[in-house]
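User: I'd like to walk through this model with you, a few points at a time. Shall we begin once it is on screen?

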Amino acid sequence: EGEIGDLARTINKMAEDLSESFQQLSDQAIRLKQIIDGIGEGIVAINRKGEITEYNNRIFEVFGLDKKYQDKTTPESFLQGSRINHFFDQAMEAKNTVSCVITKDHRQIQVVITPLLTKQQTVSGAVGLFRDITQAERLEQTRRDYVANVSHELRTPLTAMRGLLEPLTEGMVVSPEDQKRYHEILLRETL
């Protein structure tokens, strides 16, 4: 009882609050790691010194590297070996997002690196998102080819029809047999 008792209760309450805060921070760190691991793209976060603070193993999968390679290397050496660390440096120096598409082993990989800024607008690190867009680019190329083919297939009969309509319209085809033949060709090209 007394002042010593009050001090003991206060210290016990502070210890409970501190323990609860540590538990919340631990839970948040676990949730963050699970979220990062669950994302389908490769993610790498670095601090101001260029040291990796968070990453997921998808970074290796995006670049088409197998499990054996993953076991033999670290994310730091991978970033340095592939020269991707320069994009991180560029984003942190400019305090702007760096976005580009790189090609590796017939893969097209979209790279988006964003600097992490504090409230005082100082750079505390950067986070990079790596997405394999090879399939999307192939689909886009297929779509472009399809549109070009359809356009060509439409233009060919239209050009033939125009070549037949101009003489008919200008009165250059006077014989009824020729006009009938032109009309039959026009009908066939329309079909």
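User: With which residue does the side chain of S175 make a polar contact, side chain to side chain?

Analyst: Happy to help, and please keep in mind that this is a predicted model. S175 sits in the loop between α6 (134-169) and α7 (176-190). A polar atom of the S175 side chain also lies 3.1 Å from the backbone nitrogen of D178. The side-chain partner, at 3.3 Å, is E177.

User: Thanks! How does the reach of α7 relate to the span expected at 1.5 Å a residue?

Analyst: α7 is made of 15 residues. From its first C-alpha to its last it reaches 21 Å, which is close to the expected value of 21 Å.

User: Which residues of α7 are buried, and how wide an arc do they cover around the axis?

Analyst: The buried residues in α7 are Y182, I185 and L186. They lie on the same side of α7, because the arc they cover is only 100°. As general background, a helix has 3.6 residues a turn, so residues three or four places apart point the same way. For the two parts of your question, then, the names are Y182, I185 and L186, and the arc is 100°.

User: What is exposed on the other side of α7, and which helix is included in what covers its buried residues?

Analyst: On the other side, the exposed residues are P176, E177, K180, L187 and R188. E177 in this group is also the side-chain contact of S175. As for the buried residues of α7, their cover includes α6.

User: Let's move to the sheet. What is the order of its strands, and which stand at the edges?

Analyst: This is an open sheet of five strands with antiparallel pairing, in the order β2-β1-β5-β4-β3. From one strand to the next, the twist averages 20°. A strand with a single partner has one side left without a neighbour in the sheet, so the edges are held by β2 and β3.

User: Is strand β1 largely enclosed or open, and how many of its residues are buried?

Analyst: G42, V44 and I46 point one way from β1, while I43, A45 and N47 point the other way, and all are buried. In general, side chains in a regular strand alternate between the two faces of the sheet. β1 is largely enclosed by the rest of the structure because the number of buried residues is six of the six.

User: How many bridges does β1 form with β5, and how many with β2?

Analyst: Both pairings are antiparallel. Towards β5, I43 has L129 as its bridge partner, and A45 stands opposite V127. Towards β2 (residues 52-55), V44 stands opposite Y55. The counts are six bridges with β5 and three with β2.

User: Which residue in the hairpin of β1 and β2 takes a positive phi?

Analyst: The hairpin has four residues between its strands. With a phi near 90°, the residue you are after is G50.

User: Where do K95 and Q121 lie, and what are their phi values?

Analyst: K95 is in the loop between α5 (85-94) and β3 (98-104), and Q121 is in the loop between β4 (107-117) and β5 (123-132). Most residues other than glycine have a negative phi. K95 is partly exposed at 41% relative accessible area, and Q121 is partly exposed at 46%. Their positive phi values are near 55° for K95 and about 65° for Q121.

Conventions:
Residues are numbered from 1 along each chain as its sequence is written. This is a predicted model: local features need pLDDT of at least 70, side-chain atom pairs count only at pLDDT 80 or more; totals for chains, interfaces and linings use all residues. Side-chain values use heavy atoms; hydrogens and water are left out. Buried means under 20% relative accessible area, exposed over 50%, partly exposed in between (1.4 Å probe, protein chains only). A polar contact is a pair of N or O atoms within 3.5 Å; within protein, one must be able to donate a hydrogen and the other to accept it, and residues adjacent in sequence count only if both atoms are side-chain atoms. The expected span of a helix is 1.5 Å times one less than its number of residues. The arc is that of the directions from the helix axis to the C-beta atoms. Contact means heavy atoms within 4.5 Å. Two strands pair if DSSP finds at least two bridges between them. Axes are lines fitted to C-alpha atoms, for helices over the stretch in contact, and angles run from 0 to 180 degrees between N-to-C directions.
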